[in-house]
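The following exercises examine a single protein chain. Each task is followed by a solution that proceeds step by step.

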Amino acid sequence: MQENLNPAAEAVADEATDVAHTELEQTPEQHIAGLEAEIAELNDTLLRARAELENQRRRAQDEVAAAHKYAIGKFATELVTVKDYLEMALLDQSGQIDTLKMGVDMTLKQLVSAFEKAQIKDIAPKAGDKLDPHQHQAMSAEESDAEPNTVVRVMQKGYLLADRVLRPAMVVVAKAKE
């Protein structure tokens, strides 16, 4: 052997030599039995790894299902308050329009706050805005002095949820006069 080998390399070389001698001293039946035991151990390890992987997959599916089921929880909590205010307004027997109007205004503010927390934004184009087919739905076209394909009026505003259109704004667009 070379004299400049480090002690760790010498230990590995000695162990390899010992394994080789042990294998030579075994009968073929003992060698086969040893290999079968090793195969059984590897199969057991493989089965355990597969079971663990399947358990992780199932847990991940459960977490995704729970996330889908309860994702709207915060928004729903905000809307419960809005519903309570509306019910209180309907129960009011005072007959005072100003009080009712004030209650409806407070309810709208609560709803707007809930929308802000849920990242729901208005799509409210103004007259003269260019028609955006990604955010606007042209319900009709009418002759106008305005540039063609611009918004003449809004029939119903739309809404965005974190930059995704929930409902496009319904608009009337201008067309050239004939």
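**Exercise 1.** Does K117 count as buried, partly exposed or exposed, and at what relative accessibility?

*Solution.* The model is predicted: local features require pLDDT of at least 70, side-chain atom pairs count only at pLDDT 80 or more, and totals for chains, interfaces and linings use all residues. Residues are numbered from 1 along each chain as its sequence is written, and side-chain values use heavy atoms, with hydrogens and water left out.

Step 1. Buried means under 20% relative accessible area, exposed means over 50%, and partly exposed lies in between (1.4 Å probe, protein chains only).

Step 2. K117 has 58% relative accessibility and therefore counts as exposed.

**Exercise 2.** Identify the salt-bridge partner of K117 and state where both residues lie.

*Solution.* Step 1. Side chains of opposite charge can pair when their charged atoms come close. A salt bridge is here a side-chain nitrogen of Lys or Arg within 4 Å of a carboxyl oxygen of Asp or Glu.

Step 2. K117 forms such a bridge with E78, at 3.3 Å from N to O. E78 belongs to helix α3 (residues 73-91) and K117 to helix α4 (residues 97-117), so the bridge ties together parts that are 39 residues apart in sequence. Helices (H or I, at least four residues) and strands (E, at least two) are DSSP runs, numbered from the N terminus.

Step 3. Unlike K117, which is exposed, E78 is buried, at 16% relative accessibility.

**Exercise 3.** Describe how α3 and α4 are arranged with respect to each other.

*Solution.* Step 1. Two packed helices are described by the angle between their axes and the distance between the axes. Axes are lines fitted to C-alpha atoms, for helices over the stretch in contact, and angles run from 0 to 180 degrees between N-to-C directions.

Step 2. The axes of α3 and α4 come within 9 Å and cross at roughly 175 degrees. The two helices are therefore roughly antiparallel, a label given to angles over 145 degrees (under 35 is roughly parallel, 65 to 115 roughly perpendicular, the rest oblique).

Step 3. Contact means heavy atoms within 4.5 Å. On α3 the contact includes F75, E78 and Y85, and on α4 it includes L100, F115 and K117.

Step 4. The length of α4 can also be checked, since the expected span of a helix is 1.5 Å times one less than its number of residues. For the 21 residues of α4 this gives 30 Å, and the end C-alpha atoms are 30 Å apart, which agrees. Just after α4, Q119 takes a positive phi of about 60 degrees.

**Exercise 4.** How many salt bridges does the count give, and which others can be located?

*Solution.* Step 1. The count comes to 10 salt bridges.

Step 2. One of them joins E147 and K130, at 3.7 Å from N to O. E147 lies in the loop between β2 (136-143) and β3 (151-156), and K130 in the loop between β1 (120-123) and β2, so parts 17 residues apart in sequence are tied together. K130 is exposed, at 51% relative accessible area.

Step 3. Another pairs R153 with E142, whose closest N and O atoms are 3.1 Å apart. R153 is in strand β3 and E142 in strand β2, 11 residues apart. R153 is partly exposed at 43%, and E142 is partly exposed at 28%.

Step 4. In addition, E54, R57 and R58 are linked in a network of salt bridges.

**Exercise 5.** In what order do three strands form an open sheet?

*Solution.* Step 1. Two strands pair if DSSP finds at least two bridges between them.

Step 2. The order is β1-β4-β5, with antiparallel pairing. β1 and β5 (164-167) stand at the edges with a single partner strand each, so one side of each has no neighbour in the sheet.

Step 3. Three bridges join β4 (residues 158-161) to β5, and Y159 stands opposite R167 in β5.

**Exercise 6.** What pattern does the protein follow along its sequence?

*Solution.* The protein has four helices and six strands, in the pattern α-α-α-α-β-β-β-β-β-β. Buried residues make up 11% of its 178 residues.
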